[in-house]
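Colleague: Please pick one part of this model and walk me through it slowly, strand by strand and ring by ring. I work at the bench, so plain words are welcome.

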Amino acid sequence: MNTDPIADYLTRVRNAIKANHRVVEIPASNLKKEITKVLFDKGYIANYKFEEVGPQGTIKVALKYHPITKIPAIRSIQRISKPGLRKYAGTTNMPRVLNGLGIAILSTSKGVMTDKEARQHNVGGEVLCYVY
């Protein structure tokens, strides 16, 4: 049994990048699908595919690398809010990752979005992870 599926998702992506894999396969959930869509929209992953295999389904994520230098698009991806200690951010104290160069992914009442989108919608929420 996995106590923190989001941390498992992030760890699988992190390990695949360190091993220079092109594709990583992750067990699916609705929250993981939304995080994957945000990563794709912001250009951190090349592509993704949701497959309905088995009771849960899987997410196949194609990782993105620079074509010449082979440097990954995701330099760092880290979990912020953990099951033992939840981290929330309001509209006034929204986190800025690398002074705006990275993104913070939040789970808000209006769905999963980045810190910049949350500021525009004037909502706060749980800070899931930082990506840069």
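Modeller: Let's start with one pair of residues: I26 has I59, in β3, as its bridge partner. Before going on, a word on the source: this is a predicted model, so local features need pLDDT of at least 70 and side-chain atom pairs count only at pLDDT 80 or more, while totals for chains, interfaces and linings use all residues. Residues are numbered from 1 along each chain as its sequence is written, and side-chain values use heavy atoms, with hydrogens and water left out.

Now back to that pairing. Strand β1 covers residues 23-27 and β3 covers 58-63, and five bridges join them in the antiparallel sense. (Strands are DSSP runs of E with at least two residues, helices are runs of H or I with at least four, and both are numbered from the N terminus; two strands pair if DSSP finds at least two bridges between them.) At the end of β1, P27 stands opposite T58 of β3.

β3 also pairs with β2 (residues 45-51), again antiparallel, over six bridges. There, I45 has L63 of β3 as its bridge partner. β2 and β3 form a hairpin with six residues between them, and G54 in that turn has a positive phi of about 80°.

Put together, the three strands make an open antiparallel sheet in the order β1-β3-β2. β1 and β2 are the edge strands, each pairing on one side only. From one strand to the next, the twist averages 20°. α1 packs on this sheet, where it touches β1 and β3, and its direction makes about 165° with that of β1. Helix α2 (residues 30-41) lies across β1, β2 and β3, running at about 155° to β2. (Contact means heavy atoms within 4.5 Å; axes are lines fitted to C-alpha atoms, for helices over the stretch in contact, and angles run from 0 to 180 degrees between N-to-C directions.)

Just ahead of β1, in the loop that follows α1 (5-18), sits N20. N20 has a positive phi of about 60° although it is not a glycine. Its relative accessible area is 52%, so N20 counts as exposed (buried is under 20%, exposed over 50%, partly exposed in between, using a 1.4 Å probe and protein chains only).

Now for the rings. Two aromatic pairs come out of the count (ring centres of Phe, Tyr or the six-membered ring of Trp within 6.5 Å; planes under 30 degrees apart are stacked, over 60 edge-to-face, the rest tilted). F40 and Y48 pair edge-to-face, at 5.3 Å centre to centre and with 80° between the planes. Y48 and F50 form a tilted pair, with 5.1 Å between centres and 45° between planes. F40, Y48 and F50 thus belong to one aromatic cluster. Their relative accessibilities make each partly exposed: F40 at 32%, Y48 at 24% and F50 at 28%. K33 joins in as well: its charged end sits over the ring of F50, 5.3 Å from the ring centre (this takes NZ of Lys or CZ of Arg within 6 Å of the centre and within 35 degrees of the ring normal).
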